[in-house]
Amino acid sequence: MADIQELQRIASQVRRDIIRQVHLCQSGHPGGSLGNADLLTALYFEVMENDPSFNMEGKGEDIFLLSNGHISPVFYSVLAHRGYFPVKELATFRQINSRVQGHPTTHEGLPGIRIASGSLGQGPSVACGMALAKRMDGDDKTVFVLTGDGEQQEGQIWEAALFAPHNKLDNLVLIIDDNGQQIDGPTEEVLKLGSFEEKYKAFGWDIMHMDGNDMAETVKVLKEAQAKRNGKPTCIVMKTEMGKGVDYMEGTHKWHGKAPNDELAEKALAQLEETLGDFPA
Amino acid sequence: MLSLDKLQSTGKKATRDGFGAGLKAAGDKHDNVIMLTADLRGSMKSEDFINTYPDRFIQCGISEANMMGVAAGLATSGKIPMTTTFANFSTGRVYDQIRQSIAYSDKNVKICASHAGLTLGEDGATHQILEDIGMMRMLPGMTVINPCDYNQTKAAVQAIAEHHGPVYLRFGRPGWPIFIPEDQKFEIGKALHLNEGSDVSIFATGHLVWHAVEAARELEAEGISVDLINIHTIKPLDEAAVIASAKKTGAVVSCEEHNKYGGLGSAIAECLSKSAPTFQEFVATDDTFGESGKAADLLDKYGLGIKDIVAAAKRAMAKK
């Protein structure tokens, strides 16, 4: 049984790390990162079989790919606390000569990263390739890939949406972060996305829903998706709140790609319990 | 050592047929070689591979961007994916996917591109890419290869399967003279000396190598000694071979079925300008799109014929 309280404690530290990474370099994307702290914590600390000693191929392991690479602060914090690389390296986020680049990359050799992302819409295709390889190799583990909701406006997304069911990739789980926000404003105003459920159903996917800021529900739904093998890929439409955990960042696109100043960073950190120890600045 | 008298056409086959034969051979040797295509399996002459290894063939449909990503994922998992479609759809259409998911991500993906250049013929300029070498050459870490006949293409496919890292392999549609010996070793990054000479250097890649051979024969008949070098690997360029030849002859011609900007000619000029500045003539398309027509007529119209190479060699020599 998952220790939900313990997962929530980890997620709280992850949220502190997000604020502190972005504040230190005065750059980065806190909003979506905060919204996905519970999801990534659940995946890496409870749901996925994953080995922090890290090898690129990940044979015999569950795989997570981050397609919306701009929420890198949450990815880095979770990987570091899971043991993929030293937590103190988070202080180098977006600084010169760092492995902790603005957007995730394999290029600097940071353990835990399997594909560069940042230019949107590419992760699901890569995930399809890894899911195919697992099937070819008789590896029964699962490939998870996260995209933003705004990212679903990219055309390549729908190429992969056709490819996965055609190839019966039931070891593939696509999670859409349905927070309703993108850089220029609410998705409803920028470019309407309509119903993900109806779209993906029509493409031949199984659909699941979850509240990605409810840890117990997130763990439960992810495990169900992970166990499912019925010839269809799974799309989880995940509701989250952008900026979750920091009152003045919640529910607005304004903190999508903006760093808080000293005062606001302090205000944010006062709302987030330090549970695992802050990385040294 | 090769020389003009040994370079005789033994018949015609397309370089894409060489790709199909090379893919089968690479697949026989490496069970992790995977072929992907975007609704163009028939054009890739790879039925032998597909029929022998149906489980290692992935049909992606008309979704080239997705194909590049799927290939990146397969490579992440230790496979050797070879993507196949026309050169236009292998590069310009999917530049960002190649840039981020393959090149920047250090993935061992082989981008195998047929129907490159004008010789695609009747389909016209929408399909006749003349900028692909330039685009691929600019990507950090990308190896760029443009073999010249059936035998060389077959050998190149087997070589790239053994090479770790992203590769752009460019070949073409039409039947073309086979003149490179079947047992000629293919070494990535190593220029192939076709004829030893002292008056002018001709560097050629792809289909134009055959034209350069024929041009060299004409020049030799006129008493001009031609140092003829096949640059099948445009990146990494065999700089030592290029510099040595240019220093020897003092006059250079580059020949390619590509725009004069960004391709083989540019690569040679960049190389020579650093350590052996040499007068150079560019046999290439003149910053233009192509058009419909027969391959031979197009090569003639766009200045890529045998006579164009002969004239360019004389112009280069006159500047000495």
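Two strands are said to pair if DSSP finds at least two bridges between them. With that in mind, the tour of this predicted model may begin.

**First stop: a pair of strands in chain B**

Select residues 33-37 of chain B, which form strand S2, together with residues 80-86, which form strand S4. These two strands of chain B pair in the parallel sense, over 5 bridges. To see one such link, select B:Leu36: its bridge partner in S4(B) is B:Thr83.

**Second stop: the sheet around that pair**

Extend the selection to the whole sheet of chain B, an open one of 7 strands in the order S3-S2-S4-S5-S7-S6-S12, with mixed pairing. Its edges are strand S3 (57-59) and strand S12 (233-235) of chain B; each has a single partner strand, so one side of each is left without a neighbour in the sheet. From one strand to the next, the twist averages 20°.

Next, add residues 150-162 of chain B, helix H7. This helix lies across S2, S4, strand S5 (110-114), strand S6 (143-145) and strand S7 (167-170) of chain B, and runs at about 175° to S7(B).

**Third stop: the two domains of chain B**

Colour residues 12-177 of chain B as domain 1 and residues 185-318 as domain 2. Taken over C-alpha atoms, the centres of these two domains of chain B are 24 Å apart. Where they meet, 31 residues of domain 1 of chain B are in contact with 32 residues of domain 2 of chain B. On the domain 1 side of this contact in chain B, the elements that give two or more residues are helix H6 (132-137), S6, H7 and strand S8 (175-177). Helix H7(B), already on display, gives the most to that side, with 4 residues. By class, the domain 1 side in chain B has 15 nonpolar, 11 polar and 5 charged residues.

**Fourth stop: a second sheet**

Now select the strands S9, S11, S10, S13 and S14 of chain B. In the order S9-S11-S10-S13-S14, these 5 strands form an open sheet with mixed pairing. Strand S9 (192-195) and strand S14 (279-285) of chain B are the edge strands, each pairing on one side only. Neighbouring strands of this sheet are turned by 20° against each other on average, direction ignored.

Within the sheet, strand S10 (residues 200-204) and strand S13 (residues 251-259) of chain B pair in the parallel sense over 4 bridges. Select B:Ala204 to find one of the links: its bridge partner in S13(B) is B:Cys255. Then show helix H10 (residues 264-275) of chain B, which lies across S10, S13 and S14 of chain B at about 145° to S13(B).

**Fifth stop: the nonpolar core**

Which residues touch the most other members of the largest nonpolar core? Select B:Leu169, B:Ile202 and B:Ala212, which do so in a core of 183 residues. The core draws at least three residues from each of domain 1 (12-177) and domain 2 (185-318) of chain B. Centre the view on B:Leu169: beyond its neighbours within four places in sequence, its contacts include B:Ile111, B:Ala113, B:Ile145, B:Val157 and B:Ile160.

**Last stop: where chain B touches chain A**

Finally, display both chains. The contact takes 23 residues from chain B and 25 residues from chain A. On the chain B side, the elements that give two or more residues are helix H3 (64-76) and helix H5 (95-103). The largest share of that side, 9 residues, comes from H3(B). By class, the side of chain B that touches chain A has 8 nonpolar, 12 polar and 3 charged residues.

Terms used: Residues are numbered from 1 along each chain as its sequence is written. Chains are lettered from A and ligands numbered from 1 in the order in which they are written. This is a predicted model: local features need pLDDT of at least 70, side-chain atom pairs count only at pLDDT 80 or more; totals for chains, interfaces and linings use all residues. A nonpolar core is a set of buried Ala, Val, Leu, Ile, Met, Phe, Trp, Tyr and Cys residues joined through C-beta atoms within 7 Å. A residue is buried if 20 or more other C-beta atoms lie within 10 Å of its own, exposed if 12 or fewer, and partly exposed in between; C-beta atoms are placed from the backbone. Domain bounds come from an automatic or database domain assignment. Two residues are in contact if their C-beta atoms, placed from the backbone, lie within 7 Å. Ala, Val, Leu, Ile, Met, Phe, Trp, Tyr, Cys and Pro count as nonpolar, Asp, Glu, Lys and Arg as charged, and the others, Gly among them, as polar. Axes are lines fitted to C-alpha atoms, for helices over the stretch in contact, and angles run from 0 to 180 degrees between N-to-C directions.
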